[in-house]
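Here's a quick walk through this protein, from its overall shape down to its cysteines. Have a look at the model first, then read on.

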Amino acid sequence: MLSAAFLRQIDDSHLIAAASAGLGPADGTALERELLRRMEALLDEQRRNRPAADLLDEFDTSAGDIRAVLGSHPARPAEQAALLALLNSQDIHRPEQLVELFECAARFCALASDAGDFFARLNELVAAYQE
């Protein structure tokens, strides 16, 4: 028989193995068998999720951070990654940098539009005097 102190020290997988060895199909209560089944299912799920958990740890990221990124734009994650890679390739790492570029582009568009209006009016004047 395993001592309570020893059982507290072993990991979950070994605890399940010890419990399974001690419980045959006819042994134990229905509650004990169900609890053992559920604990095994939880451990299996934890093993399946380990790569994602390791990735979150590697990048010091929480589930809330991931939720914020995925909820920030309607594009699918692969498209979001492509957008972020494009911004990175242009050395844009902060929102203020992008806002500054948009404002600059808007000013150039306004300047080009004003210049186009000027040249159109100048062309009309020249055409009027040539007739």
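## A drawn-out helical protein

Let's start with burial: just 6% of the 131 residues of the protein count as buried. Keep in mind that this is a predicted model.

As for secondary structure, there are six helices and zero strands, and the order along the sequence reads α-α-α-α-α-α. The protein is more spread out than a compact globule, because its radius of gyration is 33 Å, well over the 14 Å that the globule rule gives for 131 residues. Along the principal axes, the C-alpha atoms fill a box of roughly 110 × 25 × 15 Å.

What about contacts along the chain? Taking the contacts with a separation of 6 or more, 21% are between residues 24 or more positions apart.

On the surface side, the protein exposes about 11,100 Å², and 62% of that comes from carbon and sulfur atoms. The protein carries 12 positive and 22 negative charges, and the mean positions of the two sets lie 9 Å apart.

Now the cysteines. How many disulfides turn up in a search of the whole structure? The count is zero. Here is how cysteine 104 and cysteine 109 look:

| Residue | In a disulfide | Nearest cysteine sulfur |
|---|---|---|
| Cysteine 104 | no | cysteine 109, 9.8 Å |
| Cysteine 109 | no | cysteine 104, 9.8 Å |

A disulfide needs the sulfur atoms within 2.5 Å, and cysteine 104 has its nearest cysteine sulfur 9.8 Å away. Are these residues buried or exposed? Cysteine 104 counts as partly exposed, at 28% relative accessibility, while cysteine 109 is exposed, with a relative accessible area of 55%.

Note on methods. Residues numbered from 1 in each chain as written. Predicted model: local features only at pLDDT ≥ 70, side-chain atom pairs only at ≥ 80, totals over all residues. Heavy atoms only, no water. Helix = DSSP H or I, 4+ residues; strand = E, 2+ residues; numbered from the N terminus. Rg over C-alpha atoms; globule rule 2.2 N^0.38 Å. Buried < 20%, exposed > 50% of the residue type's maximum accessible area, 1.4 Å probe, protein only. Contact = heavy atoms within 4.5 Å. Areas by Shrake-Rupley, 256 points an atom, 1.4 Å probe, with all protein chains shown as cover. Lys, Arg positive; Asp, Glu negative; His and termini not counted. Charge placed at Lys NZ, Arg CZ, Asp CG, Glu CD.
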